Amino acid sequence: MSAVQALREAAADGPLHRPVCRLLQAHQAELADVAMRDLFERDPQRFERFSLKLDGLLLDYSKNRMTDDTLALLLRLADEADVAGWRARMFAGDKINHTENRAVLHTALRNRSNTPVRVDGEDVMPGVNAVLAKMGAFAEQVRSGAWCGYTGARITDVVNIGIGGSDLGPQMVVQALKPYRHPQLKVHFISNVDGAHVRETLETLNPATTLFVVASKTFTTQETMTNAHTARAWLLAAAQDETHIAKHFVAVSTNRDAVTAFGIDAANMFEFWDWVGGRYSLWSAIGLSIVLAVGIERFIELLDGAHAMDTHFQTAPLAANMPVILALLGVWYNNFFGCASHAILPYDHYLRSLPAYLQQADMESNGKSVDREGRSVDYATGPILWGATGINGQHAFYQLLHQGTRMVPADFIVSVRAPIPEMQAHHDILIANCLAQTEALMRGRTPDETAAQTTQFVSHKVFDGNHPSNTLMIDQLTPYALGRLIALYEHKIFVQAVIWNLNAYDQWGVELGKQLASRILPELQGDAPVSGHDASTEALIQHYRHMTQARAGL
C-alpha cells in the first residue's frame, strides 16, 4: 500500500465520519423539501428561539433550514470534535499551530483583563502592554504635530506599506472607522507590487509631510520591500539626505538589522511575535496605522470589543455561543447541503472592505485539503467567501442568489443607527432593503402568488425561496462594535477548523508560488535559454522577453 493510499484510508476515521454525521445526513434528507416559510408559520416563537443578543449585537439565525433537532445534532458534532477543549488550549497558549510549532495568541493582544497568558512559561502580557504604550506615544506625537518631517512641517499623510494581513486588516478598520479619524491626517495603503499602485499614491503626496509605515515581520517580503524602496527613493529625490529617512519611515517588524540598514531608527521599530499570525495581526503593532488614524483611545475600544467577544466565546454555553452557532451552520451547509460558497453582505458603506478582509481570514485559514495529521481529507473544508455591500450587490449578483441554481448561505450585516444622523432617510431605505432581501430569500414567491400579481411570464417571476441567511444587527458601528464583529468571525473560523480537523493557522499553500516567482524573475530579465518549466510557462517567459525587448528597441 502506498503512503497516499494509507493516508486516504486513515481519513475514513476523520471528523465527517463520526456517527453523528450519519444522523445529520439522514436529518438533511428529511429537511430537504421543508420550506422555511412553513417552519415560521408553524412556530410563532421561531425568532426568539433562534436568535442571540450580546449587548448591542443581535444575531438572528432563524432564517436557516434547521429545527431544534438540527441544532441538537450540530451541537453534538461540536462536542465530539472537542471544540471546548481546543478553545481552552488556544487561549492557554498551547502551540496548536503544530506545523510551525507556534502558539496562537492574537487574543492576548486584546486581553483587556490583563490576566497572565504564558508561552513557554513566560507571561506575554507585559510585552503586549509595552508595545501598545509605545504605539500610543508615537501616534500622539504624529497626531499632535510634534513629529515633523525634514522641513519642520507637520505630517499630513501616513502611508502603510504592507501586503496580506499587514494591509487588509488595517485598511478595513481605518475605512470602517472614518467618522473617528483625525481631521488633518490622511491614511493611505499600498500593497500591490504593480507599480501603478505605488505611483498613483505617491503622486498625490508631498514628501515633506508624508510618513511611511513599513509593515513586514521579516523585512524581506518581496512585494512590501519593493514598494518601500520605491517610496524611499521618492523621498530622497526631494530630501537629498539619507539622514532624513528616519523622520519619514517607521517599521513594524522583528528584523532590527534590516530595519536599521534601511535607514529607520531602531527606536521607531514596533515589534510583534511569532504567535501572531498575519491575518490575525491587526490587533498588534500591525495596527499602528489604525492608531495613527483614530488615536490610541479608539484603538483600545476596538481591543475592548474584541475582548468582549473573546470572553463570550470562552464562557457562553455552546448552544448560546455566537461564533459556535455561525460555525455550525456553516458546516451544516458546506458538508450536508453541498454549498461551496458563502456570501458576506454588509449594508454599510464603511464596511465595504469587510468581505475582502474575511476572504483572507477564512480562505487562508481553512482552505486546506490535508488535516492536522497530514491525511488527505475526503470532505469539503473551507467555503469560497465573497460578497459586496448590499445595495450594490442587489443590482449585481443577487439575481443568482434568488433564482440561480446554487444555494448560497449569506450573512447580512447592518447597523441600527445611521452613521450620518442627518441622512436618516437614506439609512431607512438601506435597512428596508436589507430586511426585505432576507425575507425574500427565505419566503420566495410561489406560482400562485406570482399569478395573482401578473399573468405574463409567471414562471420567470417565481422565486423558490428557502435560501438561508443570518442577520447581524449592531447598534452602531463604533470601534467597540467593530472589534467585536471581527473577533466573532475569527472564532467562527477557528471552530470550523476544529470540526474539520484542520490547522487554521498555517498557510503553506502560498509558499510554492513565491518560490517559483523568485526563480522566474531573473529569467524574465535575462537572456539565457529558459528551461525547467512546463512548455506553457517557458513560452510565456519567452513572449514577455520578446515584447519587452521590442519596446526597448533591442
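This is a tour of a predicted model, taken one selection at a time.

**Stop 1: the sheet**

Begin with the strands β1, β2, β13, β12, β10 and β11, which lie side by side in that order. Together these six form an open sheet with mixed pairing. Strands of a sheet pair through backbone hydrogen bonds, either parallel or antiparallel. Which strands stand at the edges? They are β1 (51–54) and β11 (384–387), and each has a single partner strand, so one side of each is left without a neighbour in the sheet. On average, neighbouring strands here are turned by 15 degrees against each other, direction ignored.

**Stop 2: from β1 across to β13**

Select β1 and β2. The two strands run antiparallel and are joined by four bridges. One pair to pick out is leucine 54 with its bridge partner in β2, leucine 57. The two strands make a hairpin, with two residues between them. Click on aspartate 55 in the turn: its phi is positive, at about 50 degrees.

Now stay on β2 (residues 57–60) and add β13 (residues 469–474). This pair is also antiparallel, with four bridges. Leucine 58 is opposite methionine 473 of β13, and leucine 59 has leucine 472 of β13 as its bridge partner.

Show the side chains of β2. In a regular strand the side chains alternate between the two faces of the sheet. In β2, Leu57 and Leu59 point one way, while Leu58 and Asp60 point the other way. Are these four buried or exposed? All are buried.

**Stop 3: β10 and its parallel partner**

Move to β10 (341–346). Its six residues are all buried, so the strand is largely enclosed by the rest of the structure. Ser341, Ala343 and Leu345 point to one side of β10, and His342, Ile344 and Pro346 to the other.

Add β11 to the selection. Four bridges join β10 to β11, and the two run parallel. Histidine 342 is a place to check this pairing, as its bridge partner in β11 is leucine 385.

**Stop 4: a helix over the sheet**

Keep β10 and β11 on screen, then add β12 (410–415) and helix α16. The helix lies across these three strands and runs at about 175 degrees to β11.

Next select helix α21 (residues 479–500) together with α16 (residues 354–366). Their axes come within 10 Å and cross at roughly 25 degrees. An angle under 35 degrees counts as roughly parallel, and α16 and α21 are therefore roughly parallel to each other. The crossing is right-handed. On the α16 side the contact is made by Leu354, Tyr357, Leu358, Ala361, Asp362, Ser365 and Asn366. On the α21 side it is made by Leu485, Ile486, Tyr489, Glu490, Ile493, Gln496, Ala497 and Trp500. By class, this contact holds ten nonpolar, three polar and two charged residues.

**Stop 5: a histidine in α21**

Stay with α21 and click on histidine 491. This residue has a relative accessible area of 1%, which means that it is buried. What does histidine 491 touch? Leaving out residues up to four places away in sequence, its contacts are Met90, Phe91, Thr107, Arg110, Met309, Asp310, Phe313 and Pro323.

**Stop 6: a second helix pair**

Select helix α2 (residues 19–31) and helix α5 (residues 68–80). They pack at an angle of about 160 degrees, and their axes are 10 Å apart. That makes α2 roughly antiparallel to α5. Here α2 passes α5 in a left-handed crossing. Pro19, Val20, Cys21, Leu23, Leu24, His27 and Leu31 are the residues α2 brings to the contact. They meet Asp69, Thr70, Leu73, Leu74, Arg76, Leu77 and Glu80 of α5. The contact divides into nine nonpolar, two polar and three charged residues.

**Stop 7: two asparagines in loops**

Most residues other than glycine have a negative phi, and most peptide bonds are trans. Asparagine 114 has a positive phi of about 65 degrees, and asparagine 466 also has a positive phi of about 65 degrees. Look for asparagine 114 in the loop between α6 (83–92) and β3 (118–119). Asparagine 466 is in the loop between α20 (447–451) and β13. How does each sit with respect to the surface? Asparagine 114 is partly exposed, with a relative accessible area of 39%, whereas asparagine 466 is buried at 11%.

Methods: Residues are numbered from 1 along each chain as its sequence is written. This is a predicted model: local features need pLDDT of at least 70, side-chain atom pairs count only at pLDDT 80 or more; totals for chains, interfaces and linings use all residues. Side-chain values use heavy atoms; hydrogens and water are left out. Axes are lines fitted to C-alpha atoms, for helices over the stretch in contact, and angles run from 0 to 180 degrees between N-to-C directions. Angles under 35 degrees count as roughly parallel, over 145 as roughly antiparallel, 65 to 115 as roughly perpendicular and the rest as oblique. A crossing is left-handed if the near helix is turned anticlockwise from the far one by less than a right angle, and right-handed if clockwise. Contact means heavy atoms within 4.5 Å. Ala, Val, Leu, Ile, Met, Phe, Trp, Tyr, Cys and Pro count as nonpolar, Asp, Glu, Lys and Arg as charged, and the others, Gly among them, as polar. Two strands pair if DSSP finds at least two bridges between them. Buried means under 20% relative accessible area, exposed over 50%, partly exposed in between (1.4 Å probe, protein chains only).
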